[in-house]
Amino acid sequence: MRVAISRCLLGQPVRYDGGSKPVPEVMSLAGKVDVCPVCPEGAAGLPVPRPPAEQREGRVFLSDGRDVTAEFAHGSDACRDLALRSRVSLAVLKAKSPSCGVNLIYDGTYSGTLTAGDGTLAARLKKEGICVVTEDVVKACKPSVENPVAIVLGTGLGHLGSLVKPVRRIDYHDIEGFPAAANPVSGHVFEATVGTIDDVPVVVYPGRIHLYQGFSAAEVTALVRHAHRLGCRDIIFACATGAVPGCAHTGLGILTDQINLTGRNPLAEWEELRDVETPFVDMNDAYSPYLRTVARGVADDLGIAVEEGVYAGVLGPCFETPAEVAALRTLGVSYVGMSTVCEVIMAKALDMNVLGLTLAANESGAADVTHESVRAAAEAHSEDFERLVRGVLRML
Ligand code: SF4
């Protein structure tokens, strides 16, 4: 996996003040990937040290008033071309900078005030379809004992839990909000394990309950709230789905977005939102672009075949009719299943970083799908699924 990283984040003394801004989490990532170091201001030939620069009304000025718009464009073009030649899929750039900043940059008053916008390099890389994040995203996704990675496993995928070096186990029935009457369906186990996988702190939930079993959206998302209370910031949802013919094939997939067709929403049942003035939750980038890109990079590095696509969550428990399959295809849906959407909504409301992985066990609408056939297909891909999850954990 090739990643463009701002030189100053790697500890190189290229900043306007002659210093650097090394970030341990970024340095750690740099040690696991092929790094393409970039510094658009350096590539522009600007000296070190130099007066600080900021963007104002689409142009770039040094604090001494000099217009360096052309220099920034030249340096950013050079770094973009380098990134494209190097085939980077991810860029980790210094936050707030007029060249490297992502979504938020200094506003041109040299007062430390921020405004919405991208640095000149960040804007160019985004235009090329490269995932661009700041060091803050890498830091926020870094697991630790205090912030383990939560992994919620679906039908046939629960054996990943056996990889955990356990520290303690938690019966689901001891989890607040989890229904006492719930019993595992075939292929699920109702005991979470706190521990490590390859030395990465994790909490693995090797089974879930579903809306189609008659449980409420609040109940099916109890595990997500539990993971959040345990300190988890990253949460990986794995689910079995049907691949919508014409949009996806059977096999492993990375979820890019979702459509909630269940008719339920856990936030409407969540007491904590009842008295809140603005209970509205932004669902843009519900599936973390950073985690998705890392997962894709890991899969490519390991030679694991994965596709990417939108997930539609339906209530179930019946499978889709031919008309429904046609409708899903028209909606641009690649994967359809009976879980995950409510959990992702809850995770997003709790500001967690979500990675959605699926095993498309069959074609949506196929006539001979049974719980057993889904489990058998999951088993057939279990090794690749396990390698993918372990690869992602190692990369964080
Ligand atoms: S241009 Fe980017 S890499 Fe270079 S010093 Fe500025 S923020 Fe760092």
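A residue is termed buried when its relative accessible area is under 20%. In the predicted model described here, this criterion applies to much of helix 7, which spans residues 222-229 and has 6 of its 8 residues buried. The residues concerned are Ala222, Leu223, Val224, Arg225, His226 and Ala227. Helix 7 is thus mostly covered, and its buried residues pack against both strands and helices. The strands contacted are strand 9 (149-152), strand 10 (165-171), strand 12 (200-205) and strand 13 (234-243). The helical partners are helix 6 (217-220) and helix 11 (341-349). After helix 7 comes Gly231, for which phi is positive, near 105 degrees.

The surroundings of the ligand were examined next. The ligand occupies the space of the second largest pocket and has 13 residues around it, of which Cys8, Cys39, Glu41, Ser99 and Cys100 come nearest. Classified by residue type, this shell comprises 6 nonpolar, 4 charged and 3 polar residues.

A further site of interest is Asp257, located in strand 14, which covers residues 251-261. Asp257 is classed as partly exposed because its relative accessibility is 35%, a value that falls between the 20% limit for buried residues and the 50% limit for exposed ones. When neighbours within four places in sequence are set aside, Asp257 is in contact with Tyr287, Gly309, Val310 and Tyr311. The C-alpha atom of Asp257 is separated by 9.9 Å from that of Pro289, a residue 32 positions away along the chain.

Methods:
Residues are numbered from 1 along each chain as its sequence is written. This is a predicted model: local features need pLDDT of at least 70, side-chain atom pairs count only at pLDDT 80 or more; totals for chains, interfaces and linings use all residues. Side-chain values use heavy atoms; hydrogens and water are left out. A residue is near a molecule or strand if one of its heavy atoms lies within 4 Å of it. On a 1 Å grid over the protein atoms alone, a cavity is a set of points where a 1.4 Å probe fits but cannot get out, and a pocket is an open set with protein on both sides within 12 Å along at least five of seven lines; lining residues have an atom within 4 Å of a point. A molecule sits in a cavity or pocket if more than half of its atoms lie within 2 Å of its grid points. Ala, Val, Leu, Ile, Met, Phe, Trp, Tyr, Cys and Pro count as nonpolar, Asp, Glu, Lys and Arg as charged, and the others, Gly among them, as polar. Helices (H or I, at least four residues) and strands (E, at least two) are DSSP runs, numbered from the N terminus. Buried means under 20% relative accessible area, exposed over 50%, partly exposed in between (1.4 Å probe, protein chains only). Contact means heavy atoms within 4.5 Å.
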